[in-house]
Amino acid sequence: LGNADACRAFQAFSLFVKAKEVPAASRCPGGGEGVRWRCCRQAFEELPGIHRHVALHHSADVGRQAGLAAGPAEAGGSPAGGQACSSPEISWALPDTSHVSHDDLTSIILFFLNILFLFAYLDHAVGSQVGEVLLYYCYCEVKDPEKLCAWQKALCQHLHLTGKVRVASEGINGTVGGSKVATSLYIKVMLSQPLFKNILCQEDFKSSAGGAHCFPDLRVGVFKEIVPMGIDPKIVSYKETGIHLSPQEFHREVEQYLSQATQGQSDTILLDCRNFYESKIGHFRGCLAPDIRKFSYFPSYVDENLELFKDKRVLMYCTGGIRCERGSAYLRSKAVCREVYQLKGGIHKYLEEFPDGFYRGKLFVFDDRYAICSNEDIISACKYCGVLWDQYKLCSSQHCRQLVLTCPSCCNKGLTACCPVCQEKELKVTSRASGQTLKEECECTKRRPRVPIEHVSPRMLDTGK
């Protein structure tokens, strides 16, 4: 961006934030500032809060107001679907970027470097207009995972992408962020890679506004599974997956399920196979959302609750579809369900077509954004005061990696930990000399059963509760 574009962007950003101000007469009467901005049914008391919200969720609006051109179109045409019979050699080709400027490739707005915190958020707001985060996976036979890993790392570094990529003998699973120029080139190269030809296609890439700033770094590695279910892929293979339903087909199925459930006639279970902290801030109406902390607990959850699935039609869904691939295969291997279906492309693709459909709330994502939204519903609450709130933060204890929902008001009171144990531990840590550590323990994880047994009556399932 040139200086003129940058100035227009800054002005548009400032005007957008200004439009969200709460009139002074409506603020806290006791002399305190109270809520100063409202947007998307959320309240903000501090300037950085509204800046971050606008930067992450309204970048397209700001870009349109500023009159900035959108990034280049994504790569076109995709090869026809189908299962490859053998594993082709891995191409080491990298895209030619000699015609692309460094700024276009990295989405860095030089005009805003070394300026105040406010301008950093503007960088994100404008940068996300030419930047995005990709989510994709591809199950296929990989004879040399180490070679694929090395090429993938070189490719991402070449395009200045950040993110996480898992490679295994069963395929590849990745989420990367960068400029739209870079992500477009990435998709183009991935589709031309002989290993993925006739398997991976354009629509397998899910995109959302973001960029390289959504990840702290680039991590590419070789693993046993491309999604950690904890079971050898040779024992439960993605080849035994459930029946894939397009977003339109899945929408119709959910509509029918909810209609029958209200009449007490449903023979279907709408199963969310994500973790509890994901479904907590967003899920399909009438779903069964297991209280599990990791996907590797899902097989045990199925084993402990087999009676629940007996003779049922199961509609499964997850973020982008990958967990349903082997999750549905595992459920089918138990031979208790009548039919097992899964949402192709996951919630991500569903929301592209039905932003105001049967999925309500935010979609949790595994990067620094934590969530993306397609509707204004807030279905979760602050842990401490119960006010509607769905913006996660990491527990303030340096020894804990739990996510906590705590609203700005409670944060200002110092309520920033996930549980009393962590809250007390944080105080002890800050008072100790550096180098001393406390044993990691958390009331949240110790209290929660590793694999919950559902106490769900047939009546509750029939009514969609």
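What is the mean pLDDT of the protein, and what share of its residues reach 70 or more?

**View 1. Confidence across the predicted model.** This is a predicted model. Its mean pLDDT is 82, and 78% of the residues reach 70 or more. Two stretches call for care in reading. Over residues 69–85 the pLDDT is below 50, and the stretch has 30 contacts in the model beyond near neighbours in sequence. Residues 108–129 also have pLDDT below 50, with 49 contacts beyond near neighbours in sequence.

**View 2. The open sheet of five strands.** The strand order is 6-3-5-4-7, and the pairing is mixed. Strand 6 (206–209) and strand 7 (218–222) each have a single partner strand, so one side of each lacks a neighbour in the sheet. On average, neighbouring strands are turned by 10 degrees against each other, direction ignored.

**View 3. Strand 3 paired with strand 5.** Strand 3 (residues 131–139) and strand 5 (residues 171–179) run antiparallel, joined by nine bridges. Tyr137 stands opposite Asn173 of strand 5.

**View 4. Helix 6 across the strands.** Helix 6 (residues 145–158) lies across strand 3, strand 4 (162–168), strand 5 and strand 7. Helix 6 runs at about 170 degrees to strand 7.

**View 5. Helix 8 and its buried face.** Helix 8 (residues 247–262) has 16 residues. From first C-alpha to last, helix 8 reaches 23 Å, close to the 22 Å expected at 1.5 Å a residue. Buried here are Pro247, Phe250, His251, Glu253, Val254, Tyr257, Leu258 and Ala261. Seen down the axis of helix 8, the buried residues fall within an arc of 165 degrees, so they line one face of the helix. Just after helix 8, Gly264 takes a positive phi of about 70 degrees.

Conventions:
Residues numbered from 1 in each chain as written. Predicted model: local features only at pLDDT ≥ 70, side-chain atom pairs only at ≥ 80, totals over all residues. Heavy atoms only, no water. Pairing = 2+ DSSP bridges. Helix = DSSP H or I, 4+ residues; strand = E, 2+ residues; numbered from the N terminus. Axes fitted to C-alpha atoms, helices over the stretch in contact; angles between N-to-C directions. Contact = heavy atoms within 4.5 Å. pLDDT = per-residue confidence, 0-100. Expected span 1.5 Å × (residues − 1). Buried < 20%, exposed > 50% of the residue type's maximum accessible area, 1.4 Å probe, protein only. Arc of directions from axis to C-beta.
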